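Please load the model in your viewer and keep a selection prompt at hand. The tour goes from one selection to the next, with a short account of what is found at each stop.

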Amino acid sequence: MLSQFFILTSRGDTIAFRDYRGDVVKGTAEIFFRKIKSWRGSLPPPIFNVEGIHFIYIRRSNLYFVCTTKFNISPTFAIELLNRIAGLCKDYCGVLNEEAIRLNFVLIYELLDEVLDFGYPQMTSTESLKSCVQNEPVVVTSDTQQRVALPSQHPKTLPSTAANKSVAVGQAKAGDKKELFVDLLERMTVLIGANGSVLRADIDGSVQMKSFLTGNPEIRLGLNEDINLGSAGGVGVSLDDCNFHEGVRMDEFEKDRTLAIVPPDGEFTVMRYRLAGDFRHKLPFQLLVFIEDTDSRILEVILKLRCEIPVDQHSTNIVVRLPVPKLTASVSHEVGSSGQSAEYKAAEKMVYWRLKRCTGGSEQSARIRITVPDKGKSTRKEIGPVSLDFEIPMFLCSGMSIRYLRVVEHGGRTYSPFRWVRYITHSDSYVVRI
């Protein structure tokens, strides 16, 4: 059972707070934020104890979802509950960010009162809570959403914010679009040794679905027919393990890799899967690092980044991070002029090389000059390892794909929904040792 629940911004502002039991001292939000900021290195573990109070938290969209308790509860239970509360906030607000929480704080408090009673969880299902929640959400609009689109009878693409709609906006109107959004997301964890060998290459993937269909019709989703599970091996996509949502029927999965789904309200994960192995031939980026000693006080680092995805694809939001020696006095840099920038943050002893866009088959380079007062034997060893963040739309390194997406008619109803499918590859941890 939980004592308190609160939501903090990255600045430490409390935008939602509930004290369910009154058995914990006041000011826990300030205690939590001070602990987060004073922790050496990265963020503290998701569970820690301060003076007999257990703090459990998750971070979503630069927001901290935190609960406190004095009881010895299951850690996985608490983290799963926080994830479900964050999911409810996204389902009912349409998008999960600080502005949406602030504009819908009355709705958020109503959800918290229904989800938890005296610290005990009651219900966390988006569909079940619909009958209990009476407040209408305040829709958050961005500049891109306010732009007027050119008229088109059959648009083939939508902006990335198209699925940011609440599931609780009253009854569907006759003219409302019946839409179905499916995202196939993959996160890559890659570690490359100093000699260029791949020491680790993992892919964690998921199929996310958000349905705005009336009547909860059955959805049939066809995946690759060449999927191999476990140690089956063979040609095709070999998944080490996978699991499915409770609403997925597996009757035809073994036959032709088809999933039958009755979607619940809100966003949910249809399937999770994992691949592990040597993906050298499928790695999206090759990063080469060269270090040259120009004189007694200057080290010159040359970074060469090659995009190995197909030429008709591109990557966006690329950030290369290069740690520099602790005694660095100054840093200068030379990068390409088009959509590239570099920045040295002295407090972090880190150089950031940012690229807005990189097309497949292209090669970019940056030259970093590091000035140190005294170049010792260990100075060169303090450079690196280099890490890489990126996002690749409409491309998956694993080879997973969706063959078809159909809505099955039943009860005499005819469905002509808009079906939107998106592929995205993210970097979870992409590290190159020097």
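**Two helices in contact**

Begin by selecting helix α2 and helix α4, where Leu81, Ile85, Leu88, Cys89, Tyr92 and Cys93 of α2 meet Leu107, Ile108, Leu111, Leu112 and Val115 of α4. In this predicted model, α2 spans residues 75-93 and α4 spans residues 105-115, and their axes come within 11 Å of each other while crossing at roughly 140°. That angle is why α2 counts as oblique to α4, and the crossing of the two helices is right-handed.

**The whole chain**

Now zoom out and colour by secondary structure, which comes to 7 helices and 26 strands. Of the 434 residues in the protein, 44% are buried, and the exposed surface amounts to about 22400 Å², with carbon and sulfur atoms supplying 49% of it. If you draw contacts between residues at least 6 apart in sequence, 70% of them join residues that are at least 24 apart.

**The nonpolar cores**

Which residues have the most contacts inside the largest nonpolar core? Select Phe285 and Met400, which hold that place in a core of 65 residues. Strand β8, residues 179-192, gives this core its largest share, 6 residues. Apart from this core lies another one, of 34 residues, which includes Cys67, Cys93, Ile101 and Leu107; two of these names, Cys93 and Leu107, will be familiar from the meeting of α2 and α4. As general background, nonpolar side chains in soluble globular proteins tend to be buried together.

Stay with Met400 and show its surroundings: leaving aside residues up to four places away in sequence, Met400 touches Leu184, Glu186, Leu223, Asn224, Ile227, Val237, Leu239, Met271 and Tyr273.

**Thr68 in strand β5**

Next select Thr68, which is placed in strand β5, residues 63-69. Is Thr68 buried or exposed? Thr68 counts as buried because its relative accessibility is 0%. Beyond residues up to four places away in sequence, Thr68 touches Leu2, Ser3, Gln4, Phe6, Val24, Thr28, Ile53, His54 and Phe55.

**Ser332 in strand β20**

Finish at Ser332, in strand β20, which covers residues 330-335. With a relative accessibility of 33%, Ser332 counts as partly exposed. Its contacts, again not counting residues up to four places away in sequence, are with Arg367, Ile368 and Arg369. Adding Thr371 to the selection lets you draw a distance from Ser332: the C-alpha atoms of these residues are separated by 8.5 Å, although the residues are 39 apart along the chain.

Terms used: Residues are numbered from 1 along each chain as its sequence is written. This is a predicted model: local features need pLDDT of at least 70, side-chain atom pairs count only at pLDDT 80 or more; totals for chains, interfaces and linings use all residues. Side-chain values use heavy atoms; hydrogens and water are left out. A nonpolar core is a set of buried Ala, Val, Leu, Ile, Met, Phe, Trp, Tyr and Cys residues joined through side-chain atoms within 4.5 Å. Buried means under 20% relative accessible area, exposed over 50%, partly exposed in between (1.4 Å probe, protein chains only). Helices (H or I, at least four residues) and strands (E, at least two) are DSSP runs, numbered from the N terminus. Contact means heavy atoms within 4.5 Å. Accessible areas come from the Shrake-Rupley method with a 1.4 Å probe; for residues, only the protein chains shown count as cover. Axes are lines fitted to C-alpha atoms, for helices over the stretch in contact, and angles run from 0 to 180 degrees between N-to-C directions. Angles under 35 degrees count as roughly parallel, over 145 as roughly antiparallel, 65 to 115 as roughly perpendicular and the rest as oblique. A crossing is left-handed if the near helix is turned anticlockwise from the far one by less than a right angle, and right-handed if clockwise.
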